[in-house]
Amino acid sequence: MHVLVIGGAGYIGSHVVKELLKNNVKVTVFDDLSTGQEINLFPSAHFIKGTILDTDALGRAMCQNVDAVIFLAGKKAVGESMQNPAKYANTNLIGVINVLNTMAECSVKKIIFSSSAAVYGTPSYLPMDEKHPLNPLSFYGFTKLETERLLEWYDRLKGIRFVALRYFNAVGYDADGDIKGLEKNSQNLLPIVMEVACKKRSILNIFGNDYDTPDGTCIRDYIHVTDLATGHWKALQYLNDGGKSDSINLGTGKGISVMEMVQKTEEVIGHKITTAFDSRRPGDPDVVEASAKKAKEILGWEAEHSSLENIIQTTWNVYKKQMLNKH
Ligand code: UD1
């Protein structure tokens, strides 16, 4: 089986590539290296530097006996999507349409798409299952939902089957240390906690301590990126076995608060993280937790690497090495 991993040099993409290679899949990575990094590439995967806005380049990559596409090349900064919707429209909508049209031209009939819990918007019940209303609060979330709808049409019209994986909060690093690229300018919690831990940033501002949660800070469903990677592999096997198109959550069903994340990090790294309480960040719900039942039922998938300890330890190992040069 030959899989084209679009966005395979990125944070999640590189973990997916590792999982595919482990399972003896032939992999071609297609990435424009805008946020992906060369350091994340595996020598045993063929690499094409290209952008999804270039349909010729996509055609050359796709019409080479590709059996399936895994698409992880989207832009993902929620705040930025509200300030610069054009960038998100170009990559997350036009780019995705280019990919689907090229797949249709080259008769590639299977795609795993990285979607997001952002398609749901503010939770109206917990844990959130796939039947939860879809009301994205951000332009980013809108692009993910629109793509899921496009995928449904391309299935009906072109016979391209898909699994859209709705990730909750992706965290952690490959435990073997094979993936070394630190995300640049991440606005997400754990990368910021790590930068404070490495003294590259002076303080972690905790956005709100008056939420309706036991310690007053927001609760999220943090899923280890290695679990996300196995989810992609299982989704691909599901399509290979003739499974029908579907959208499926990838989360743990277990919430962790911002304070718990900070305290556990202090325990793992052995020193204090400087924090200060700041005002709430607009649009942040109190609690987000996934129902991962459908993934278990349909894909036979369950999170196995997502204990808080493992999330923090694997992330710290990479930050310590890459940011502090400590081995
Ligand atoms: C965000 C996106 C979500 C996307 C996900 C993964 C929003 C509203 N949601 O989730 O759509 O799928 O990233 O890319 O942006 N926090 C602090 N201080 C910080 C940073 C974060 O207290 O400096 C808190 C946040 O308020 C939140 C928690 O940490 O309660 C997690 O934040 P973050 O990592 O940004 O993820 P989400 O907002 O949950």
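Angles under 35 degrees between helix axes count as roughly parallel, over 145 as roughly antiparallel, 65 to 115 as roughly perpendicular, and the rest as oblique. With that in hand, let's walk through some helix packing and a ligand site in this predicted model.

Helix α6 (residues 189-197) is a good place to start. Its axis lies 10 Å from that of helix α10 (residues 308-324), and the two pack at an angle of about 50°. α6 and α10 are therefore oblique to each other, and their crossing is right-handed. On the α6 side the contact is made by L190, P191, M194, E195 and A197, which meet I311, I312, T315, W316, Y319 and M323 of α10. Sorted by class, these residues of α6 and α10 comprise 9 nonpolar, 1 polar and 1 charged.

α6 also packs against helix α8 (residues 258-269), here at an angle of about 40° with the axes 11 Å apart. That angle makes α6 oblique to α8. The crossing of α6 past α8 is right-handed. From α6, residues L189, L190, V193, M194 and A197 take part, and from α8 their partners are V258, M261, T265 and I269. This contact of α6 with α8 holds 8 nonpolar residues, 1 polar and no charged ones.

Another pair involves helix α2 (residues 55-62) and helix α4 (residues 85-105), whose axes come within 10 Å and cross at roughly 45°. That makes α2 oblique to α4, and α2 passes α4 in a right-handed crossing. T55, L58, G59 and M62 of α2 touch N98, V99, T102 and M103 of α4. What is the class make-up of the contact of α2 with α4? The residues divide into 4 nonpolar and 4 polar, with no charged ones.

Now for the ligand. It is surrounded by 19 residues, the closest being L189, N205, R220, R281 and D284. One of these, L189, also belongs to the α6 contact with α8. The table gathers some distances from an oxygen atom of the ligand to an N or O atom of the protein.

| Residue | Protein atom | Distance to a ligand oxygen atom |
|---|---|---|
| N169 | side-chain N or O | 2.9 Å |
| F207 | backbone N or O | 2.9 Å |
| R281 | side-chain N or O | 2.5 Å |

N169 and R281 reach the ligand through their side chains, whereas F207 does so through a backbone atom. R281 is also listed among the closest residues around the ligand.

Technical notes:
Residues are numbered from 1 along each chain as its sequence is written. This is a predicted model: local features need pLDDT of at least 70, side-chain atom pairs count only at pLDDT 80 or more; totals for chains, interfaces and linings use all residues. Side-chain values use heavy atoms; hydrogens and water are left out. Axes are lines fitted to C-alpha atoms, for helices over the stretch in contact, and angles run from 0 to 180 degrees between N-to-C directions. Helices (H or I, at least four residues) and strands (E, at least two) are DSSP runs, numbered from the N terminus. A crossing is left-handed if the near helix is turned anticlockwise from the far one by less than a right angle, and right-handed if clockwise. Contact means heavy atoms within 4.5 Å. Ala, Val, Leu, Ile, Met, Phe, Trp, Tyr, Cys and Pro count as nonpolar, Asp, Glu, Lys and Arg as charged, and the others, Gly among them, as polar. A residue is near a molecule or strand if one of its heavy atoms lies within 4 Å of it. A polar contact is a pair of N or O atoms within 3.5 Å; within protein, one must be able to donate a hydrogen and the other to accept it, and residues adjacent in sequence count only if both atoms are side-chain atoms.
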